[in-house]
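Please open the model in your viewer, with the sequence panel alongside, and follow the selections below in the order given.

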Amino acid sequence: YINMTATGAPGPWRAKDMSVTMTDTRVDISYNRGGKSYTVLSGEFCNEIFPDDSYWVLETEPECILNLVLKKRSQGLWPQFLKGHVGINMQQIHGASDYFELQREINERYNLSTPEQRANFASLQENREE
């Protein structure tokens with residue numbers, strides 16, 4: 001996710017002012033307001049996605065958060081989100097010692113293969129934060 005308040009783009013933020021383009025290998029997101037365009041995110045994914053099965057949602061309450069939901073072409077975790085960005089420190093996620101251990105843990109705990117299962121997982125996360 002991207003916290004829009006950290007992008008430098010002036011609020012209030014509206015989905016109709018967002019420009020999001022996703023291809024197999026790249027994402028380009030900008031916010032257009034008052035005749036100006038603000039780059040929110042631009043770069044090449046470290047692995048390929050299915051762009052037709054990926055989407056974005058702009059949530060405005062309680063904070064303005066842009067969520068990207070990507071369907072990856074291959075299973076497993078990405079070592080980084082975009083090429084050239086800081087890698088993901090797997091040691092800080094659930095105490096996993098490597099990618100395979102974390103992926104196995106996720107697969108054992110959650111089956112996220114259908115929209116209903118993903119919605120259920122999201123509601124579990126929301127309840128956990130309360």
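Begin by selecting serine 19 together with serine 30 in strand 3, since these two residues are bridge partners in what is a predicted model. Widen the selection to strand 2 and strand 3, and you will find that these strands pair in the antiparallel sense over 5 bridges, with a hairpin of 3 residues joining strand 2 to strand 3.

Colouring by confidence is a sensible next step. The mean pLDDT of the protein chain is 79, and 68% of its residues reach 70 or more. Strand 2, where the tour began, has the highest confidence, at 95, whereas helix 1 (residues 99–109) has the lowest, at a mean of 62. Where pLDDT is low, the predicted coordinates should not be read in detail.

Now move to the open sheet, in which 3 strands follow the order 1-6-5 with antiparallel pairing. Its edges are strand 1 (2–3) and strand 5 (55–59), each of which pairs on one side only. Select isoleucine 2 first, and look across to leucine 66 in strand 6, which stands opposite; strand 1 and strand 6 (residues 65–69) are joined by 2 bridges and run antiparallel. Then select tryptophan 56, which has leucine 68 of strand 6 opposite it, and note that 5 bridges join the antiparallel strands 5 and 6, while a hairpin leads from strand 5 to strand 6 through 5 residues.

Which two residues touch the most other members of the largest nonpolar core? Select Met4 and Ile29, which hold that position in a core of 19 residues. The elements giving two or more residues to this core are strand 2 (18–22), strand 3 (26–33) and strand 4 (36–44), and strand 3 gives the most, with 3 residues. Keep methionine 4 selected and display its surroundings: with neighbours within four places in sequence left aside, methionine 4 is in contact with Ala9, Trp13, Met18, Tyr31, Val40, Leu58, Cys64 and Leu66.

Cysteine 64, one of those contacts of methionine 4, is the next residue to select. Is cysteine 64 buried or exposed? Cysteine 64 has a relative accessible area of 5%, and because the cut-off for burial is under 20%, cysteine 64 counts as buried. Cysteine 46 also counts as buried, at 15% relative accessibility. The count of disulfides comes to 0.

The loop between strand 4 and strand 5 offers two further stops. The first selection there is glutamate 48, which is partly exposed, with a relative accessible area of 39%. Leaving aside neighbours within four places in sequence, glutamate 48 is in contact with Asp24, Thr25, Lys72, Arg73 and Trp78. Draw a distance from the C-alpha atom of glutamate 48 to that of arginine 26, and the separation is 8.2 Å, although the two residues are 22 residues apart along the chain.

Finish at serine 54, which has its place in the loop between strand 4 and strand 5. Serine 54 is buried, with a relative accessible area of 9%. Show the side chain of serine 54 and the backbone of phenylalanine 50, where a polar atom of that side chain lies 2.9 Å from the backbone oxygen of phenylalanine 50. With neighbours within four places in sequence again left aside, the contacts of serine 54 are Met22, Ile49, Val69, Leu70 and Lys71.

Note on methods. Residues are numbered from 1 along each chain as its sequence is written. This is a predicted model: local features need pLDDT of at least 70, side-chain atom pairs count only at pLDDT 80 or more; totals for chains, interfaces and linings use all residues. Side-chain values use heavy atoms; hydrogens and water are left out. Two strands pair if DSSP finds at least two bridges between them. Helices (H or I, at least four residues) and strands (E, at least two) are DSSP runs, numbered from the N terminus. A nonpolar core is a set of buried Ala, Val, Leu, Ile, Met, Phe, Trp, Tyr and Cys residues joined through side-chain atoms within 4.5 Å. Buried means under 20% relative accessible area, exposed over 50%, partly exposed in between (1.4 Å probe, protein chains only). Contact means heavy atoms within 4.5 Å. pLDDT is the predictor's confidence in each residue, from 0 to 100. A disulfide is a pair of cysteine sulfur atoms within 2.5 Å. A polar contact is a pair of N or O atoms within 3.5 Å; within protein, one must be able to donate a hydrogen and the other to accept it, and residues adjacent in sequence count only if both atoms are side-chain atoms.
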